[in-house]
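Good morning, colleagues. I should like to take you through one structure, beginning with one chain as a whole and then turning to the details of the other. Please look at the sequence and the coordinates as they come up.

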Amino acid sequence: MSYLTLSLTLIFVLIPLILSRTLKLGLEKDTLIATIRSIVQLLAVGYVLQYVFEVDNIIFIVLMILLMIGAATQNARKKGATIHGITWKLIVTFVFIEVLTQSILLGFQIVPPTPQYIIPISGMVIGNSMVLGILFLNRFTAEVESRQDETELILTLGGTPKQAIHTQLITSIKASTIPTIESQKTIGLVQLPGMMSGQIIAGADPVQAVQFQLLILFILLTTAVVTSIMLGFLSYPTLFNNRMQFLKLKS
Amino acid sequence: MNQAAIEFQHVNYSVDGLHILKNITGSFLEGKITTLVGPSGAGKSTLFKLCNGLRSPDSGEILIKGKPIEVYDPVELRRNVGIALQSATMVKGSVLENLELPLSLQGKEIDLEFARELLHDVGLADNILERNAKDLSGGQRQKLSIARTLVNKPKVLLLDEITSSLDRVSQHDIEELIEKINEKYGTTMIWITHNLDQALRIGHCTWVMMNGELIESGDSSLLMNPNDKRVQDFVKGEIE
């Protein structure tokens, strides 16, 4: 795609701008900021990836992954700000997910150990883990807040902290993983996934594109479930002290 | 002379800088029914949470049967010092599941005969076992909450305004039940109530609390003839 053709895609930005202006929706500023940020960020990452692929050095791959983990942590921690030590809990979760998925992919030689594979897959894994983390933390903090009476009831009856928070934890894990599982049920019927569509548009064999998409889907399924469970089991103990007393969430 | 089941020594407790309990010193005697009265916000419910180990004091000491509360395992302590709260919170599920909760937390099941007996004791029909607990009326929930607390057969029972949403007949039934348990098993009872007649009728001893302080304590008859001017005003209904 030439830069001239690329610039024509801005028509798709003009349409919402005109609609916003006409209907006085007040979305012009945010639309412009989002457009400029996406152009700058994606072009920058494109050039960075080009350099990393050419150099093919493990240090740059690790640096890219660390950058992704840092950005994902920064973004997700706001949703769990009320939980003590949420930053390191998110870092541990993202690192674990990344190590787990790359160990399986590279260990079984499912994909070759090149930056062209490692970096995009890491981006999808960490990105998905971040979204799942946000969904989980959002639901978990709401559940803990709204069901304090139940938590204390179970403690008063001689339950342990794990028993006292069990329902809230399971509800939040289920709720955060439902979108991933449900979207997989209709994939190919309702929507063609972005990566697969991109490959087909770029001229790849559709069957091969589907194979890679399946790989990604299965990875994302693991990512979703492991992220929610890990964050849940890392987070709930901080809600209690060593006398098994329920502590309020940080305000 | 009766031994103290729970003893407070200069206990202070605050939340976010707000002093909830101030220098509480006194005892709840073993095997006795102590009624706890005082205006709203006096710190009575908070005192219960300290007895049950749900909160810890900022300073001072709480002794359970002469030993500092900290030496007890929190789970064991809470099974032996039961608490029935005014809110009568129910978990999702049937009446039976709620009644069984103290045992299911230990991986045990309740004996159905025992469950029916408990429901009967608190004045609930035993055919409601399969009903959804959240569909019960406020009064029924309060009765179920008392029955559930009794499942652990606690040595000390803390009752937080458990008859506040009951009609007169049900109140009378619960009072009889509490007296029966106290006599039969020697269970120490501490009962928060706003009903001074009830406090006088049921309690062997009474504590009067105001603004986080223990103002007066002793034989329940103190409510007939209090020494402290604030308690006199409270008994006359001049302090809500």
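What percentage of the 240 residues in chain B do buried residues make up? The figure is 41%. I should say at once that this is a predicted model, and that what follows was computed from it.

Let me stay with chain B for its overall dimensions. Its secondary structure amounts to eight helices and 10 strands. The radius of gyration is 18 Å, which agrees with the value near 18 Å that a compact globule of 240 residues would have. Along the principal axes, the C-alpha atoms of chain B occupy a box of roughly 50 × 40 × 40 Å. As for the contacts in chain B with a separation of 6 or more, 67% of them are between residues 24 or more positions apart.

I turn now to the interior. The largest nonpolar core has 61 residues, and those touching the most other members are B:Leu118, B:Ala147, B:Leu158, B:Leu159 and B:Trp191. Let us take B:Leu159 as an example. Residues up to four places away in sequence being left out, B:Leu159 touches B:Ala84, B:Met189, B:Trp191 and B:Ile192. Another core, of 43 residues, lies apart from this one; its members include A:Met68, A:Phe94, A:Leu137 and A:Met230.

One helix of chain B deserves a separate remark. Helix H1 of chain B, residues 44-51, is largely enclosed by the rest of the structure, because six of its eight residues are buried. The buried positions in H1(B) are B:Lys44, B:Leu47, B:Phe48, B:Lys49, B:Leu50 and B:Cys51. Just after H1(B) comes B:Gly53, with a positive phi of about 75°.

Next, helix packing in chain A. How far apart are the axes of H8(A) and H10(A), and at what angle do these helices pack? The axes of H8, residues 161-185, and H10 are 9 Å apart, and the angle is about 170°. H8(A) is therefore roughly antiparallel to H10(A). From H8(A), the residues that meet H10(A) include A:Leu169, A:Ile173 and A:Thr177, and their counterparts in H10(A) include A:Leu217, A:Leu221 and A:Val225.

H10(A), residues 206-235, also packs with H9(A), residues 194-201, at an angle of about 160° and with the axes 9 Å apart. These two helices are therefore roughly antiparallel to each other, and their crossing is right-handed. On the H9(A) side, A:Met195, A:Met196, A:Gln199 and A:Ile200 take part, meeting residues of H10(A) among which are A:Pro206, A:Phe212 and A:Ile216.

Within helix H8 of chain A, I would single out A:Ile165. Why does A:Ile165 count as buried? Within 10 Å there are 27 other C-beta atoms, and 20 or more suffice for that class. Beyond its neighbours within four places in sequence, A:Ile165 is in contact with A:Thr151, A:Tyr236 and A:Leu239.

Finally, two residues with backbone angles to note. A:Asp56, in the loop between helix H3 and helix H4 of chain A, has a positive phi near 50° without being a glycine. A:Asp56 counts as exposed, with 11 C-beta neighbours inside 10 Å. A:Met244 belongs to the segment after H10 of chain A and has a positive phi of about 60°, although it is not a glycine. With 19 C-beta neighbours inside 10 Å, A:Met244 counts as partly exposed. Thank you for your attention.

Technical notes:
Residues numbered from 1 in each chain as written. Chains lettered and ligands numbered in written order. Predicted model: local features only at pLDDT ≥ 70, side-chain atom pairs only at ≥ 80, totals over all residues. Core = buried A, V, L, I, M, F, W, Y, C linked by C-beta atoms within 7 Å. Buried ≥ 20, exposed ≤ 12 C-beta atoms within 10 Å, placed from the backbone. Contact = placed C-beta atoms within 7 Å. Helix = DSSP H or I, 4+ residues; strand = E, 2+ residues; numbered from the N terminus. Rg over C-alpha atoms; globule rule 2.2 N^0.38 Å. Axes fitted to C-alpha atoms, helices over the stretch in contact; angles between N-to-C directions. Parallel < 35°, antiparallel > 145°, perpendicular 65-115°, else oblique. Left-handed = near helix turned anticlockwise from the far one by under 90°.
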